Structures are given as structure tokens and as C-alpha cells.
Amino acid sequence: MIEAHQLTKRYGDKTAVDDISFTIAPGSVTGFLGPNGAGKSTTMRMIMGLDRPTSGTVTVNGKPYARHRAPLAEVGALLDAKAVHTGRSARSHLRTMAATHNIPVARVDEVIEMTGLATVAHKRVGGFSLGMGQRLGIASAMLGDPRTLILDEPVNGLDPEGVQWVRRLVRSLADEGRTVFLSSHLMSEMAQTADQLLVIGRGRIIAAGPVQQVIDSVSAAAVRVRSPRATELAALLEADGAAVTSSAPGALELRGIDAERVGELACAHGIALHELSPRSASLEEAYMSLTQGAVEYRSDVTATAPTVPKGENR
Amino acid sequence: MSTITATADAVLPTAARPTVHARPSFLGILRGEWRKLLSLRSTWWVLGATVVLITGISLAVAASVDAMAADPVTAPTLATTNGAELVSGGFQIGMLTIAVLGALLITGEYSTGMIRSTFAAVPTRVPVVIAKAIALSVLTGVVAAVSIALSYLVTMPQLAAHQLVPALDDARTWQVFGGTVYFLVAAALFSLGVGTLLRSSAGAITVSLTVLLLLPGVLAFVSLNWVETIARYLPLPASGAFLGGSEDSLSSGGDQLTAATGLLVIAAYALVPLFAGAVVLRRRDA
């Protein structure tokens, strides 16, 4: 359980996290979604007591992180795959972490096995690929068998097999009743991994709730239809309450109506259909419309200013 | 307030109780820091270099004793010199490598990002600095003692010819040897403190070596009274108060501090930056 209350972090005059409140419940995987620079990592560092909030509070399992008697057993975090001294071997790194909590060496070897690092455990971390670094980060997060896991961009740099592994891992951890909070800037990744979504943009929460609900709230499902008598059909559908747009002659995009109703109406009036396809809103579309104006670094060839002026999306 | 609650069909929290035995203790933190120190190759390089440099310089000093005795200018100085000072004559170069080790112990964690893992494991932070200081002191103390013991052995043949082998039953010998170890440990802690304050390897090493090595030499050319007073309280000149301070030492020129004051000044160099570092560490973002 992670609870943030009016959490704010400012660096000088730049507000990284702007008065956000949320609760992350145990037993499910919560995705923290937002464009780069939206405040995801800052929020996670504040949860871990690494960055001090400018104002507001955040607790994990009922207490600020630093007040826990055995912090590694409460929260395991992958904040940064690079939070490891490059001159040390993976196993040495894990053993130094384990020593602080008197965690037995057997557990160190267990997490090494679990993350598939056995063959490189004695190699220096400096030579690790991004994916191996991520695995080591996840291994150290799992070290204390924590009730809450915080993973910042865990699949970043992993190969498809590694991505699958992370998905299965977080699923099984959540099914055990643990709290799993992971961030990503990829909507498609979140849709496949998370149950719940917390969408952040420019330091503010834009949307929150079950994944499908967040997507649906942004764009309703659409139906595409093609017919030689499109104009006639459009009038019928509009009379039935559908929103009709046309992108090409003979083709209609419909909203506010489902495919079954379209088929029945067409049949009743003897109108032939050449295509009738329900189309659920694309995840990326949903994401783009969610975070529109909340993107910190955008590429815009027409604008002279590289970023959108502050306040435009407030 | 955006509240996210588990969906109805989600598995109810079963209050997953960790099966891994995790019980933090200061001893554990200390073991972790000790392991950190010894599991880096750079530590062994620096320590090896320290032993070789201290012993090598002592050997060179001993080798020049013949020439000094033959030269009518230096012969009287040599006659009043304590053999122990010749044996530990290489400590200034050891101070350099040990200062680098002390600074890197913490700045290396900042430059690699390791500090975030460290503070995630020990969010109260200050025990980490205390554990680092203890581990560093023990390791530096051992290396300094080994270096002096080796220096004693390798210089013995040369010094014996001039009856300069320090007597092991002489309190003065142990004051010099003990004082050298004390000073090297303090130099390590000083750079650890500076490193904790500055967080950057380059900055910490520059500041440490400037204060330890450069300033005494530079200020020696300034003959203003107040500058001379300041210079007396710099680490290396202050160490002369209990290490002997022969003619050629950098502490010559002004009146010496007493041995007790010298020890206190050196203790202040070791502890003040460390204490200040620990205070700011508590409040700073990692």
C-alpha cells in the first residue's frame, strides 16, 4: 500500500511533481504512465525517501519509508538500473546490500538464480548490458522479499523474453497480495502488464483507474463501415443517434453505436455492406489524447519554441 | 484525490508475510561497508601503492644516510635525527594515496549511482557514514602499520651502519610510529568527510590534496604573521608536533604546537568535515 498526500517536489522554480495524491492498493499491478520528464521517477524517489518532498507526505505500508525497521523487507525498488557501483561484481553488490539487513547469503544466490544472472554473477557490473543491469536491479529489489515493489521502467532494455519474464513476475507478485507499482512511458506496455493505471503529465495526475476504464474514458469505441449507399446509410445511422464522420467516399466512421445495430439497420433497409468492423480505441491514441499538452519534451517542426508555454494545458 | 482500488476480481491482499529473515543492525551495515571496501579492485590498487610508496621512500631516505653522514653540512642534523623518523619518512606520499581512497569511498557511490541503493537499504543514512569511517579507519590503520613494519625491515641494514635503527623499547619510537598511523587514518577520514560534503570525486580529491599537501608548501613562501599562524594549523605542519619535525619538515620556521595540541588539531581535521557531511547528508536529496 502506497499513499501519497498532496505530494509536491520543486527544484528551484521548476515543479517536478505538483500536489499529487493517490493510493496504490495491494494485490494488483499499478502502472505509472507518463511521458519522459512527467515526474514518475521523482515521485518514486520520494516514496523511497531518497528525495525530500517540498511539501506533502507519502507513506508505504502506513509509514514513511525511512521509519520502517527493515526497509528492504517492506519495499524493494528498482529506481535506476545504474544504482550499482560499476567496479563491483553483481554478487558482491547484492551481498553488500544483504549485509545491511543480515539477509543470509542463501537468499542472495536465490535472487541471482531467479533473475537469471547466475552465469554473470561474478563479472563486474561495469560490463553489463542494459538488460543485465535491469535484472540485477530487480534482483536487489527482491532481496528482502518485500511486500511492496517499486519498479521504474523495469522493461527498459530487456529483450522480448525478458519483457515476458517481468510481466509474469509482477503478475505473480501481485497475486500473492503484494503491492506492485511500476512505471513506463509506453502505453502498450502498461496495457499488457498493469491492472490499474495512474497517468501523470507535467507533475499532475491526469487519469487514474482500471486500465480499460482509463482508455474508454478517453475515446469511445468506433465502428468502420463501407457501403455503395453510404450517404443513405449515414442518414439512417444519424437518425439512430450515431456520430458519423466520413474519411473517404463510401466509407463511414461511426461512434456511439455498436456493429450489431449497424448491421441490423442496414439489413432492415436492404443496404449492402462491404465492410463492417468494430474498432476499439487504439492504446496509443488514448495515451496521446491523455497526455496531449502534458509532454515535457516535444518535437514540433512548425513551432519556433521547443516547448509548449507553461499553463496552456492547465 | 485519485484513489485506485483493486478490481473486484483481483486477489484479495493476503498480507504476504516475507519469508526472508531481514533484520537490520549497525553491525550488518558495518559488514556491508567493509565488504564494499574490499570488493573493489581500486581499493587493492590504492593500498598496494600505499605500501610500496611508503616503503620505497623510506628505503630511499635510508640509502641517502651514507651521503648525509659524509657531508659536513648535513652530518650534524643527522646526528640529532631520530631513526624512527627516517623509517616513517615515506608517510607523506602514503597520505596522498590514502586520501584518494577515503574520498572515493563515498564519491564513487555518487558517481556510479550506488548511493541510491545504499540509502534505500539504510534510509537513515548517518549509520552509513559512521560505518564507512570505521571500516576506512581499520583498513588504513592496518595498511599504515604494515607499511611502517616493512619500512623498518628494509631500512634496517642501512640504518644499522649509523646506529640509527630505532630502538623498539624506546617510547619515542612508538610515538613516531603510532603518530604516523594516527595521521594517516586522520587523512583518510578527512577526505571521506570532504567527499561526503562535496559528492564529486574530482572536487573532493582536489580539496583534500590541496589542504593536506599543497597549502603548507605554498604558504611557506608567505612571511605574514597571520598566514604563518594559519600554516601551523594545517594538517602536515600540525603533525610535526608529535612526529618530530626535523629541519627539513614543512613545520619548521614558526614555533611548534605542543604534541597534545597537534593531536587535537589532527583529530579536528578528521572529524569536523565528517560531522558536517553527516549533517547535510540527512537533509539532502540522494
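1. B:T140 is buried, its relative accessible area being 1%, and this residue belongs to helix 8 of chain B. The value comes from a predicted model, and the assignment follows because a residue counts as buried when its relative accessible area is under 20%. The C-alpha atom of B:T140 lies 9.5 Å from that of B:A187, although 47 residues separate the two along the chain.

2. Helix 8 of chain B also carries B:V146, and here the classification changes: with a relative accessible area of 40%, B:V146 is partly exposed. That label applies because the value falls between the limits of 20% for buried and 50% for exposed. Helix 8 of chain B therefore holds both a buried residue, B:T140, and a partly exposed one, B:V146.

3. B:V146 is one of the residues that make a nonpolar surface patch of about 940 Å², along with B:F26, B:W34, B:L59, B:I130, B:I134, B:V138, B:V142, B:L150, B:L153, B:V154 and B:M156. Two elements of chain B, helix 1 (26-38) and helix 8 (126-160), each give two or more residues to the patch. The most is given by helix 8 of chain B, which supplies 9 residues.

4. Which residues of helix 7 of chain B are buried? They are B:M114, B:I115, B:R116, B:S117, B:T118, B:F119, B:A120 and B:A121, so that helix 7, spanning residues 114-121, is mostly covered, with 8 of its 8 residues counted as buried under the limit of 20% relative accessible area. For chain B as a whole, 48% of the 286 residues count as buried.

5. Helix 7 of chain B is also half of a pairing between chains, in which its axis and that of helix 3 (residues 90-100) of chain A come within 9 Å and cross at roughly 25°. That angle makes helix 3 of chain A roughly parallel to helix 7 of chain B, because angles under 35 degrees are placed in that class. The crossing of helix 3 of chain A and helix 7 of chain B is right-handed.

6. Within chain A, helix 3 has a further partner in helix 4 (residues 105-114), the two axes coming within 10 Å and crossing at roughly 135°. Helix 3 of chain A and helix 4 of chain A are therefore oblique to each other, and helix 3 of chain A passes helix 4 of chain A in a right-handed crossing.

7. In chain B, the axes of helix 6 (residues 91-112) and helix 12 (residues 235-243) come within 13 Å and cross at roughly 130°. Helix 6 of chain B and helix 12 of chain B are therefore oblique to each other, and their crossing is right-handed.

8. As for the overall make-up of chain B, there are 13 helices and 1 strand. Read along the sequence, the pattern is β-α-α-α-α-α-α-α-α-α-α-α-α-α.

9. A last point concerns A:R135, which has its place in helix 5 (residues 130-142) of chain A. Is A:R135 buried or exposed? At 14% relative accessibility, A:R135 counts as buried, because this value is under the 20% limit. The C-alpha atoms of A:R135 and A:V155 are separated by 9.4 Å, the two residues being 20 residues apart along the chain.

Key: Residues are numbered from 1 along each chain as its sequence is written. Chains are lettered from A and ligands numbered from 1 in the order in which they are written. This is a predicted model: local features need pLDDT of at least 70, side-chain atom pairs count only at pLDDT 80 or more; totals for chains, interfaces and linings use all residues. Side-chain values use heavy atoms; hydrogens and water are left out. Patches are made of residues with over 30% relative accessible area and no salt bridge: like charges are joined within 9 Å, nonpolar side chains (Val, Leu, Ile, Met, Phe, Trp, Tyr) within 5 Å. Accessible areas come from the Shrake-Rupley method with a 1.4 Å probe; for residues, only the protein chains shown count as cover. A salt bridge is a side-chain nitrogen of Lys or Arg within 4 Å of a carboxyl oxygen of Asp or Glu. Helices (H or I, at least four residues) and strands (E, at least two) are DSSP runs, numbered from the N terminus. Buried means under 20% relative accessible area, exposed over 50%, partly exposed in between (1.4 Å probe, protein chains only). Axes are lines fitted to C-alpha atoms, for helices over the stretch in contact, and angles run from 0 to 180 degrees between N-to-C directions. Angles under 35 degrees count as roughly parallel, over 145 as roughly antiparallel, 65 to 115 as roughly perpendicular and the rest as oblique. A crossing is left-handed if the near helix is turned anticlockwise from the far one by less than a right angle, and right-handed if clockwise.
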